[in-house]
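Me: I have a structure to learn. Please take me through one part of it closely, and keep the sentences short.

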Amino acid sequence: QREKAVAADYAAATTDAQIKAFIAANASHPLAGIAELRLADAAYEAAKYADAQTGYTKAAAILGNTAFGQRARLGAAVSLIMAGKTADGEAALKPLVADLAVAKGIRAEAAYQLASLAVDAGRNDDATKLITQIASIDPAGQWAQRAMMLQSRIPVSAPAAPAGDTKTVSPAVNFKATP
């Protein structure tokens, strides 16, 4: 009966104030975590990244290592990046990528976010490694496809000349003028 009542209260909460009241009344219930996730998503969409990060962090604490909890952890990390705290966001993304218990879609998106940051910062070797990792996490997923497009932004470097080879190579064919 209690679960039915909590579910009914959750369904009835439609405004931000009602959702916040629901969370306060049911702080440790998984639906409170989902409610926190709803508020965090709304804050993110409104470009209120600090509020979104706080909400995602609260949701993750309630939801644990469930799919929604993992999504909340990803949201918190991306919100940090969007708020200008790139180093903190990267630090939060790395454990998501490394944790094999995290859903492959979440891991791949976290790796994509890291790869995108690496490309933007000119860390092309890091980006290439992450793109390869995305392809191994979820080769048929949307993040692998996006990673392939991201890879096209990485400049191709010319192979280095062998060390100690300083002589100039002459062409194999010479054209001579005939008299």
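The part I would like a close look at is helix α2, with its surroundings: which residues of α2 are buried?

Reply: Start with the setting. This is a predicted model. The protein has 179 residues, and 37% of them count as buried. Its secondary structure comes to 9 helices and 0 strands. From the N terminus on, then, each element is an α-helix. Of the contacts with a separation of 6 or more, 45% join residues 24 or more positions apart. The protein exposes about 10,900 Å². Carbon and sulfur atoms supply 58% of that area.

Now to α2. This helix covers residues 16–25. Its buried residues are Ile19, Phe22 and Ile23. Seen down the axis of α2, they fall within an arc of 100°, so they line one face of the helix. A general rule helps here. An α-helix has 3.6 residues a turn, so residues three or four places apart point the same way.

What sits on the face of α2 turned away from the buried side? The exposed residues Ala17, Lys20, Ala24 and Ala25 are there. So much for the outside. The buried residues of α2 pack against two helices, α1 (2–12) and α3 (30–45).

Follow the chain on from α3. Ala47 lies in the loop between α3 and α4 (49–63). The phi angle of Ala47 is near 60°, a positive value in a residue other than glycine. Ala47 has a relative accessible area of 44%, so it is partly exposed.

Two tyrosines belong in this picture too. A search of the whole structure finds 3 aromatic pairs. In one of them, the rings of Tyr44 and Tyr49 have their centres 5.2 Å apart. Their planes stand at 70°, so the pair is edge-to-face. Are these two residues buried or exposed? Tyr44 has 27% relative accessibility, so it counts as partly exposed. Tyr49 has 19% relative accessibility, which is under the 20% limit, so Tyr49 counts as buried.

Next, compare the nonpolar cores. The largest has 28 residues. Leu74, Leu93, Leu96 and Ile134 touch the most other members. Five helices each supply at least two residues of this core: α5 (67–82), α6 (86–98), α7 (104–120), α8 (124–137) and α9 (142–151). α7 gives the most, with 10 residues. Apart from this core lies another, of 20 residues. Among its members are Leu37, Leu39, Ala40 and Ala43.

Take Leu93 as an example from the largest core. Leave out residues up to four places away in sequence. Leu93 then touches Leu74, Ala77, Ile81, Ala110, Gln113 and Leu114.

End with a residue in α8. Asn124 lies in that helix. Its relative accessibility is 22%, so Asn124 counts as partly exposed. Which residues does Asn124 touch, not counting those up to four places away in sequence? They are Val119, Ile154 and Pro155. Pro155 is 31 residues from Asn124 along the chain, yet their C-alpha atoms are separated by 8.0 Å.

Back to α2 for the main point. One face carries Ile19, Phe22 and Ile23, the buried residues. The face turned away carries exposed residues, Lys20 among them.

Methods. Residues numbered from 1 in each chain as written. Predicted model: local features only at pLDDT ≥ 70, side-chain atom pairs only at ≥ 80, totals over all residues. Heavy atoms only, no water. Core = buried A, V, L, I, M, F, W, Y, C linked by side-chain atoms within 4.5 Å. Buried < 20%, exposed > 50% of the residue type's maximum accessible area, 1.4 Å probe, protein only. Helix = DSSP H or I, 4+ residues; strand = E, 2+ residues; numbered from the N terminus. Contact = heavy atoms within 4.5 Å. Arc of directions from axis to C-beta. Phe/Tyr/Trp six-rings, centres within 6.5 Å; stacked < 30°, edge-to-face > 60°. Areas by Shrake-Rupley, 256 points an atom, 1.4 Å probe, with all protein chains shown as cover.
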